[in-house]
Amino acid sequence: MNALNKATGGDSVPLRFRTLGGWIERPGDLQPELKGHARADVIVVGAGFAGLSTALELRARGAEVIVLEQEFAGFGASGRNAGYLLGSMGVECDMFVSRVGAEQAAQFVRFYDEAVPYVEGRLKTLGIDCDYNPSGVLRAGVHPSQEKRLRENMALGRKLGAMSRFVDGDEMRARGIPPAFLFASEQCGGTLNPGKYVSGLRREAIKAGVKLFERTPLLSFSEGPVITCKTAHGSATAPVMVLATNAYTPQLGVLHNKVAAIRVSAIETQPLSTEQLAALGWQGREGIITPHYTMESHRLTAHGTMVLTVKKLGYAYGSKTPNIPDQGAYKALAHVLRERYPALQGLGIQHCWSGYVSGAYDFLPVIGVMGAKQNIYYTTGCSGHGLGTQSLVGSLFAAQINGEAPELLAALQHKTPSLLPEPLQWCVVQSAFAAATLLDAWTDRKVRKYQAEKG
Ligand SMILES: Cc1cc2nc3c(=O)[nH]c(=O)nc-3n(C[C@H](O)[C@H](O)[C@H](O)COP(=O)(O)OP(=O)(O)OC[C@H]3O[C@@H](n4cnc5c(N)ncnc54)[C@H](O)[C@@H]3O)c2cc1C
């Protein structure tokens with residue numbers, strides 16, 4: 001029996017680490033590598049939500065677009081995430097206010113919240129079926145002591161324009177939310193299958209005439225009125241480039257002093273039996289996140305499994321992004337599964353995976369334009385909440401490149417604090433993660449005591 005199976009109550013299903021995450025396989029119609037020279041109006045680097053959304057929105061405005069993707073579309077966080085389409089509920093509004101003031105923080109809240117209907121609209125317009133369940137998302141406390149902070153964050157969010165409502169214990173029980181979750185704040189949005197979403201964007205981009213080159217890492221680029229991108233067996237030129245490389249951006253030598261690559265992990269259970277589902281309740285299948293310092297996310301999938309993510313974050317020296325297992329994180333998530341769902345003790349974990357998000361010290365998105373000719377756009381730093389925003393940013397970039405000057409894009413401009421050089425950066429990040437783990441462990445000890453007292 002391996003350690004994870006012990007942690008989940010001892011059933012004997014072997015645990016599989018999936019290098020590509022739980023939702024996606026290498027596509028059967030892998031697009032060709034770039035060989036020789038290609039030319040376009042815009043080169044987009046990276047084919048996740050941000051890159052594909054930008055490419056589609058640019059095509060809709062008549063631009064010729066090349067996308068360079070180092071592996072295949074959806075290889076990054078877009079194909080590995082938990083599939084929550086959520087607005088500003090996932091962010092700590094007080095940090096935004098302390099960094100940029102209330103007025104601009106309200107614009108960031110707007111950015112997160114507008115991203116939800118944007119994606120919902122795109123799913124309809126593009127005809128992407130990705131099992132979207134517009135159930136709403138709950139940020140749910142597991143101990144009474146979390147209510148104060150939750151309510152304060154809600155109140156501040158409302159002042160900044162966010163729509164949310166408090167769900168009390170009686171309503172939680174009436175809705176069949178698993179009993180570990182005591183109360184919540186609720187926002188619109190829901191859960192989807194991110195593999196199907198990103199594959200749908202890929203399919204629509206190819207259909208729309210975007211020239212997608214897969215297995216084509218960008219190796220270097222030259223600045224100027226025309227940008228030249230070098231790849232292993234070719235090159236591409238365009239007057240505009242969009243870097244949609246998220247957590248991998250520092251490895252290009254760009255923004256390496258502004259954003260760090262953070263590893264986020266996930267586990268997926270075996271499918272729940274009809275009896276287990278009935279015992280669980282949770283008829284609305286709302287996506288649930290917790291207000292821990294390092295949050296937990298809990299959701300059911302359309303194929304009858306449960307996916308749990310986060311609880312323990314990772315950082316590799318120098319913002320590297322090794323595609324390797326993080327046993328400590330999977331173990332922590334397995335404990336969460338056992339503790340939050342005592343009725344599901346025998347439920348095994350079928351696989352686990354990790355991916356990378358990018359974060360700035362101030363947790364604000366890092367979106368802008370650079371270069372001597374101001375023709376290199378970049379989007380990164382959406383921390384763990386980029387499904388919506390990294391999709392919406394594609395429409396903002398396309399509008400900007402098309403000369404439409406969207407005011408929301410202008411409103412997001414701010415100064416990102418610089419990161420420390422290594423090895424200081426490594427020490428600071430590890431210390432911050434350790435402190436968050438300690439505080440959360442303290443909360444979880446209180447939860448155990450509280451649950452034992454309740455019987
Ligand atoms: C486990 C996990 C759970 C998460 N859960 C949620 C959630 O529930 N909700 C939510 O909103 N967010 C969630 N996130 C975050 C969300 O997935 C990301 O914010 C979002 O997918 C980022 O999209 P992107 O297009 O910017 O980046 P990515 O999807 O990472 O795409 C970047 C792409 O660039 C490519 N690339 C990198 N370097 C190069 C190069 N040199 N040349 C060519 N191509 C290159 C990569 O291969 C990759 O495909 C989660 C993330 C993880 C890892």
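Does aspartate 131 count as buried, partly exposed or exposed, and what is its relative accessibility? In this predicted model, aspartate 131 has a relative accessibility of 26% and therefore counts as partly exposed, since the buried class ends under 20% and the exposed class begins over 50%. Aspartate 131 belongs to the loop that joins helix 3 (93-126) to strand 6 (137-141). Its phi is near 55°, a positive value in a residue other than glycine.

Valine 310 shares this backbone feature, with a positive phi of about 70° although it is not a glycine. Valine 310, however, is part of strand 18, and its relative accessibility of 8% places it in the buried class. A further backbone feature appears at proline 423: the peptide bond leading to it from glutamate 422 is cis, with omega near 5°. Proline 423 is located in the loop between helix 10 (407-411) and helix 11 (424-454). As background, most residues other than glycine have a negative phi, and most peptide bonds are trans.

Attention now turns to the ligand. It is surrounded by 36 residues, the closest being Glu69, Ser78, Leu218, Gly384 and Leu387. The shell around the ligand comprises 18 nonpolar, 16 polar and two charged residues. Helix 2 (49-60) and strand 19 (349-359) each contribute at least two residues to this shell, and strand 19 gives the most, with three.

Which residues place a polar atom beside an oxygen atom of the ligand? Leucine 387 does so through a polar backbone atom, at 2.8 Å. Alanine 50 likewise uses a backbone N or O atom, which lies 3.0 Å from an oxygen atom of the ligand. Asparagine 81 instead uses its side chain, where an N or O atom is 3.3 Å from a ligand oxygen. Taken alone, the ligand exposes 1000 Å², and the protein buries 97% of that area.

The aromatic residues offer another route through the structure. The count of aromatic pairs comes to ten. One of them joins phenylalanine 96 and tyrosine 112, a tilted pair with 6.3 Å from centre to centre and 40° between the planes. Both phenylalanine 96 and tyrosine 112 are buried. Another pair is formed by phenylalanine 166 and phenylalanine 183, whose ring centres are 6.1 Å apart; their planes meet at 20°, so the pair counts as stacked. Because phenylalanine 166 lies in strand 7 (residues 165-167) and phenylalanine 183 in strand 8 (residues 183-187), this pair ties together parts that are 17 residues apart in sequence. Phenylalanine 166 and phenylalanine 183 are both buried. Ring pairs also link Phe96, Phe108, Phe111 and Tyr112 into a cluster.

Charged side chains are placed over aromatic rings as well. Arginine 80 lies over the face of phenylalanine 75, 4.9 Å from the ring centre. Lysine 446 is positioned over the face of tryptophan 442, with a distance of 4.2 Å to the ring centre.

A final stop is serine 319, in the loop between strand 18 (306-310) and helix 8 (327-340). Serine 319 has a relative accessible area of 4% and is therefore buried. Which backbone atom does the side chain of serine 319 reach? That side chain reaches the backbone nitrogen of alanine 261, at 2.9 Å.

Key: Residues are numbered from 1 along each chain as its sequence is written. This is a predicted model: local features need pLDDT of at least 70, side-chain atom pairs count only at pLDDT 80 or more; totals for chains, interfaces and linings use all residues. Side-chain values use heavy atoms; hydrogens and water are left out. A residue is near a molecule or strand if one of its heavy atoms lies within 4 Å of it. A polar contact is a pair of N or O atoms within 3.5 Å; within protein, one must be able to donate a hydrogen and the other to accept it, and residues adjacent in sequence count only if both atoms are side-chain atoms. Accessible areas come from the Shrake-Rupley method with a 1.4 Å probe; for residues, only the protein chains shown count as cover. Helices (H or I, at least four residues) and strands (E, at least two) are DSSP runs, numbered from the N terminus. Ala, Val, Leu, Ile, Met, Phe, Trp, Tyr, Cys and Pro count as nonpolar, Asp, Glu, Lys and Arg as charged, and the others, Gly among them, as polar. Rings of Phe, Tyr and Trp (its six-membered ring) pair if their centres lie within 6.5 Å; planes under 30 degrees apart count as stacked, over 60 as edge-to-face and the rest as tilted. Buried means under 20% relative accessible area, exposed over 50%, partly exposed in between (1.4 Å probe, protein chains only). A charge sits over a ring if NZ of Lys or CZ of Arg is within 6 Å of the ring centre and within 35 degrees of the ring normal.
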